[in-house]
Amino acid sequence: MKKNYQIDGISGGGCIMKVKEILESHPLIDKVEISSNSLGATAIKMKEKIETNYLQQILREVGNYTIHEKK
């Protein structure tokens, strides 16, 4: 399952790597793609659905990021 999100607070390559690393460390997440052209545009491939509020909790561990699902 692949879902698209917007992660606010990403300001460059360091943030991209930090967010990608923490999300991909979760056992239900296979791959995270964060666009460097449109900062914060993120595609997450997961084994099963993970609620957005849970993803938000994960992101709080590494910084002041806000995630929301793109419709």
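In this predicted model, the face of helix 1 turned away from its buried side carries Gly14, Met17 and Glu21, which are exposed. The helix itself runs over residues 13-24 and has 12 residues. From its first C-alpha to its last it reaches 16 Å, close to the 16 Å expected at 1.5 Å a residue. The buried residues of helix 1 are Cys15, Ile16, Val19, Ile22 and Leu23. Because these residues cover an arc of only 145° around the axis, they lie on the same side of helix 1. The cover over them includes strand 1 (2-8), strand 2 (29-34) and strand 3 (41-46), as well as helix 2 (52-60).

It is helpful to turn next to the sheet. Its 4 strands form an open sheet in the order 2-3-1-4, and their pairing is antiparallel. Strand 2 and strand 4 (66-69) stand at the edges, and each has a single partner strand, so one side of each is left without a neighbour in the sheet. On average, and with direction ignored, neighbouring strands of this sheet are turned by 30° against each other. In general, the strands of a sheet pair through backbone hydrogen bonds, either parallel or antiparallel. Here, strand 2 and strand 3 run antiparallel and are joined by 5 bridges. Lys31 has its bridge partner, Lys45, in strand 3.

Both helices meet this sheet. Helix 1 lies across strand 1, strand 2 and strand 3, and runs at about 165° to strand 2. Helix 2 packs on the sheet as well, where it touches strand 1, strand 2, strand 3 and strand 4. The direction of helix 2 makes about 160° with that of strand 4.

The loop between helix 1 and strand 2 also deserves a look, as it is the place of His26. This residue counts as buried because its relative accessibility is 14%, under the 20% cut-off. Leaving aside neighbours within four places in sequence, His26 is in contact with Ile50, Tyr54 and Ile58.

Charged side chains complete the picture. A search of the whole structure finds 6 salt bridges. One of the salt bridges joins the side chains of Lys3 and Glu69, at 2.7 Å from N to O. This pair links distant parts of the chain, with Lys3 in strand 1 and Glu69 in strand 4, 66 residues apart. Lys3 is buried, with a relative accessible area of 15%, whereas Glu69 is partly exposed at 28%.

Within helix 1, the side chains of Lys20 and Glu24 meet in a salt bridge of 3.1 Å, N to O. These two residues are separated by about one helical turn because they are 4 residues apart in helix 1. Lys20 is partly exposed, with a relative accessible area of 24%, and Glu24 also counts as partly exposed, at 30% relative accessibility.

A further salt bridge is found between the side chains of Lys49 and Glu51, at 4.0 Å from N to O. Lys49 is partly exposed, its relative accessible area being 47%, and Glu51 counts as partly exposed at 46% relative accessibility. Finally, Lys2, Lys31 and Glu33 are linked in a network of salt bridges. Lys31 thus appears here in the network and, in the sheet, as the bridge partner of Lys45.

Conventions. Residues are numbered from 1 along each chain as its sequence is written. This is a predicted model: local features need pLDDT of at least 70, side-chain atom pairs count only at pLDDT 80 or more; totals for chains, interfaces and linings use all residues. Side-chain values use heavy atoms; hydrogens and water are left out. The expected span of a helix is 1.5 Å times one less than its number of residues. Buried means under 20% relative accessible area, exposed over 50%, partly exposed in between (1.4 Å probe, protein chains only). The arc is that of the directions from the helix axis to the C-beta atoms. Contact means heavy atoms within 4.5 Å. Two strands pair if DSSP finds at least two bridges between them. Axes are lines fitted to C-alpha atoms, for helices over the stretch in contact, and angles run from 0 to 180 degrees between N-to-C directions.
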